[in-house]
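User: Hi! I have a model open on my screen and would like to talk it through with you. Could we begin with how the helices pack?

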Amino acid sequence: MQTTNHAAETLLQLSSLATGPDGTRYEARACGAPMPEGGWQGWIEFVPIAGGNPVRTSRETTQPNRTDTEYWATGLTPVYLDGALARALKEPSRVGIDSPPPQPAIFGAPAPPASSVGARNSIIDPFSVYAHGEVHLRKQLDAMAAWHLVNIARDYELTAADVNTLNRMSSYELIELIVSGVRSRSRR
């Protein structure tokens, strides 16, 4: 069922296409809307290139304002989009149309969370990536914004440091912290 909310808008039409597990290619759009309690929320909508029903993620970010939500959208990487598409397809909220969606945003809000138990904000599982080699993990992490690295470190409990301490660390320090933690736990 489509939620109509004229405040929701497409913040950025992403140039990278995402591919579903069945090979379907999707156009990705970073969308956002103000929240009733203040601030902005962002989510991603995926529209099949060959036609079909679009899907959306649940809330991907909460930001203090529209400008910061737009900035979040500019940091979305192809790796992030593939993960977001997998989440959206796992628990889809579909629009009952077969034609391209109207602009600006298809949905008025992100999909509800699939489950709050064990929910993670990370865009990758560092242990799965590490299984392909430390160099591969370092390359993936190096392509991410610092706030993604903070989410990974916290979600996978790779440090006891609080979020404020992590937010003050450089990307290099965060990558070393993550790689060291994954390497240590993988050897056990």
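Analyst: Happy to! This is a predicted model. Helix α4 passes helix α7 in a right-handed crossing.

User: Nice. Which residues of α4 and α7 make the contact?

Analyst: On the α4 side they are E134, L137, R138, L141 and D142. From α7 come I175, E176, I178, V179, V182 and R183.

User: How do the residues of that contact divide into nonpolar, polar and charged?

Analyst: There are 6 nonpolar and 5 charged residues, with no polar ones.

User: And at what angle do α4 and α7 pack?

Analyst: About 145°, and their axes lie 10 Å apart. For finding them on screen, α4 covers residues 134-142 and α7 covers residues 171-187.

User: Let's move to α5. How many of its residues are buried?

Analyst: Helix α5 spans residues 146-155, and 7 of its 10 residues are buried. Those are H148, L149, V150, N151, I152, A153 and D155.

User: What covers them?

Analyst: The cover includes α2 (78-90), α3 (126-130) and α6 (163-168), along with α4 and α7. One backbone detail to look at: E157, just after α5, takes a positive phi of about 50°.

User: Okay, strands now. Why is β3 described as largely enclosed?

Analyst: Because 9 of the 9 residues of β3 (residues 40-48) are buried, the strand is largely enclosed by the rest of the structure. W40, G42, I44, F46 and P48 point one way, while Q41, W43, E45 and V47 point the other way.

User: Which strands does β3 pair with?

Analyst: Let's take them in turn. With β2 (residues 25-34), β3 pairs in the antiparallel sense over 9 bridges, and P34 has W40 as its bridge partner. With β5 (residues 61-63), the pairing is also antiparallel, over 3 bridges, and there Q41 partners T62. Strand β4 (residues 55-56) runs antiparallel to β3, joined to it by 2 bridges, with R56 as the partner of E45.

User: Which residues in the hairpins take a positive phi?

Analyst: In the hairpin of β2 and β3, G38 takes a positive phi near 110°, and 5 residues lie between the strands. The β3 and β4 hairpin has 6 residues between its strands, and G51 there has a positive phi near 95°.

User: Last one, the big picture: what order do the elements run in?

Analyst: From the N terminus, the order is β-β-β-β-β-α-α-α-α-α-α-α. That gives 7 helices and 5 strands, and buried residues make up 41% of the 188 residues.

Key:
Residues numbered from 1 in each chain as written. Predicted model: local features only at pLDDT ≥ 70, side-chain atom pairs only at ≥ 80, totals over all residues. Heavy atoms only, no water. Helix = DSSP H or I, 4+ residues; strand = E, 2+ residues; numbered from the N terminus. Buried < 20%, exposed > 50% of the residue type's maximum accessible area, 1.4 Å probe, protein only. Axes fitted to C-alpha atoms, helices over the stretch in contact; angles between N-to-C directions. Left-handed = near helix turned anticlockwise from the far one by under 90°. Contact = heavy atoms within 4.5 Å. Nonpolar A, V, L, I, M, F, W, Y, C, P; charged D, E, K, R; others polar. Pairing = 2+ DSSP bridges.
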